[in-house]
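Biologist: I should like to understand the terms used for this model before I rely on them. May I ask about them in turn?

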Amino acid sequence: MLAMTVLDRATMTEQLSAMRFPAQYLEIFESFARVRGIDPEEFRAALRLPGGHTGHRGNAVDGEQFLRLMRFARHHADPDLPLAAQLLEHTPLTALGTLGIVVLTSSDLHAALDAVLRFYPLVMPACEIERQEHGEFLHLVIHLRLDFGDLQEPLTEMLLGAFGTIRHHVRSGQPLLELHFRHAARHPPETYGKIIDPSALCFGQPCNRVVVPRAHLDLPLHTSSRATRHQLEQQLEAEIVLLGPPGGFTRRVREWLQ
């Protein structure tokens with residue numbers, strides 16, 4: 001793949017080590033482990049994770065640890081169900097920390113998606129999200145920053161599937177959005193039912209994307225709070241500045257091609 005042509009293995013390891021996933025991911029995987037009957041201490045020991053809810057560098061899990069979490073979960077998951085669907089059962093929007101609260105307190109779907117586009121590097125450094133306008137539809141195209149090998153598909157499903165969870169907080173009696181995946185379906189559509197309407201899943205598509213009808217962008221969230229969102233948005237603005245400019249894979253490929 002192009003990713004591995006441009007980035008050698010040593011560079012990929014360096015990239016993974018530099019990624020910072022919020023410590024809330026530990027809680028997500030620990031919750032999954034409890035449901036599967038795995039002792040939390042054995043869970044952390046198997047992943048070479050420290051005790052408590054923190055990674056080796058403050059309140060974060062690095063990219064290599066995150067991949068170990070994904071592999072551990074896949075090993076213990078129900079093989080008849082998508083791994084992403086099983087993990088997203090333990091991933092409410094509040095698990096995304098401050099960004100999750102900002103999304104929940106947004107006035108409408110448009111404001112919620114805008115918050116995701118601005119601040120997603122704080123919670124999901126493994127990807128880049130590109131906004132595209134297509135007539136009556138808004139496309140959010142997901143690009144993984146690295147080739148994650150055998151975890152590429154479940155990670156992609158988890159990333160896109162997280163958008164599906166917002167439907168619980170929007171006043172709508174119809175499917176809110178569609179999830180398009182490049183890869184072929186590995187499980188029946190109904191097995192994704194807990195995270196999104198199965199009719200809103202499309203596999204074998206040109207790219208990985210979330211497709212939102214423009215008519216839905218004005219739909220209100222029943223958890224909105226203008227004051228709370230404004231206060232927490234300021235906090236996220238400060239955090240994204242500290243994070244620095246994104247060293248995204250897309251930009252590096254463009255530079256390499258030039």
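Biologist: Why does P82 count as buried or exposed, whichever applies?

Modeller: This is a predicted model, in which local features need pLDDT of at least 70, side-chain atom pairs count only at pLDDT 80 or more, and totals for chains, interfaces and linings use all residues. Residues are numbered from 1 along each chain as its sequence is written, and side-chain values use heavy atoms, with hydrogens and water left out. Buried means under 20% relative accessible area, exposed over 50% and partly exposed in between, with a 1.4 Å probe and protein chains only. The relative accessibility of P82 is 0%, so P82 counts as buried.

Biologist: Why is D80 placed in its class?

Modeller: D80 has a relative accessibility of 58% and therefore counts as exposed. D80 lies in the loop between helix 5 and helix 6, and P82 is found in the loop between helix 5 (63–76) and helix 6 (83–88). Helices (H or I, at least four residues) and strands (E, at least two) are DSSP runs, numbered from the N terminus.

Biologist: What do D80 and P82 touch, leaving aside neighbours within four places in sequence?

Modeller: Contact means heavy atoms within 4.5 Å. D80 touches H187 and T191, while P82 is in contact with E157, H187, T191 and Y192. The C-alpha atoms of D80 and H187 are 7.4 Å apart, although 107 residues separate them in sequence.

Biologist: Which class does F163 fall into, and why?

Modeller: The relative accessible area of F163 is 11%, and F163 is therefore buried. F163 is found in helix 9, where eleven of the 13 residues are buried.

Biologist: How do you know that the length of helix 9 agrees with its number of residues?

Modeller: The expected span is 1.5 Å times one less than the number of residues. For the 13 residues of helix 9 this gives 18 Å, and the end C-alpha atoms are 19 Å apart, which agrees.

Biologist: What does F163 touch beyond four places in sequence?

Modeller: F163 touches L113, V116, I129, L140, I142, L177 and V210. The C-alpha atoms of F163 and L113 are separated by 8.9 Å, with these positions 50 residues apart along the chain.

Biologist: What makes a set of residues a nonpolar core?

Modeller: A nonpolar core is a set of buried Ala, Val, Leu, Ile, Met, Phe, Trp, Tyr and Cys residues joined through side-chain atoms within 4.5 Å. The largest such core has 78 residues, and F163 is among those that touch the most other members, together with F29, F66, M70, M124, I129 and F148. Helix 8 supplies the largest share of this core, seven residues.

Biologist: What makes a space a cavity?

Modeller: On a 1 Å grid over the protein atoms alone, a cavity is a set of points where a 1.4 Å probe fits but cannot get out, and lining residues have an atom within 4 Å of a point. Grid points are joined across faces, edges and corners, and a volume is the space filled by probe spheres set on the points. Two cavities of 30 Å³ or more are present, and the largest contains about 400 Å³.

Biologist: How is the lining of the largest cavity divided?

Modeller: Ala, Val, Leu, Ile, Met, Phe, Trp, Tyr, Cys and Pro count as nonpolar, Asp, Glu, Lys and Arg as charged, and the others, Gly among them, as polar. The lining has 22 nonpolar residues, two polar and no charged. Helix 9 gives the largest share, five residues, and F163 is one of the residues nearest the cavity centre.

Note on methods:
1 Å grid on protein atoms, 1.4 Å probe; cavity = no way out; pocket = protein on both sides within 12 Å on 5 of 7 lines; lining within 4 Å.
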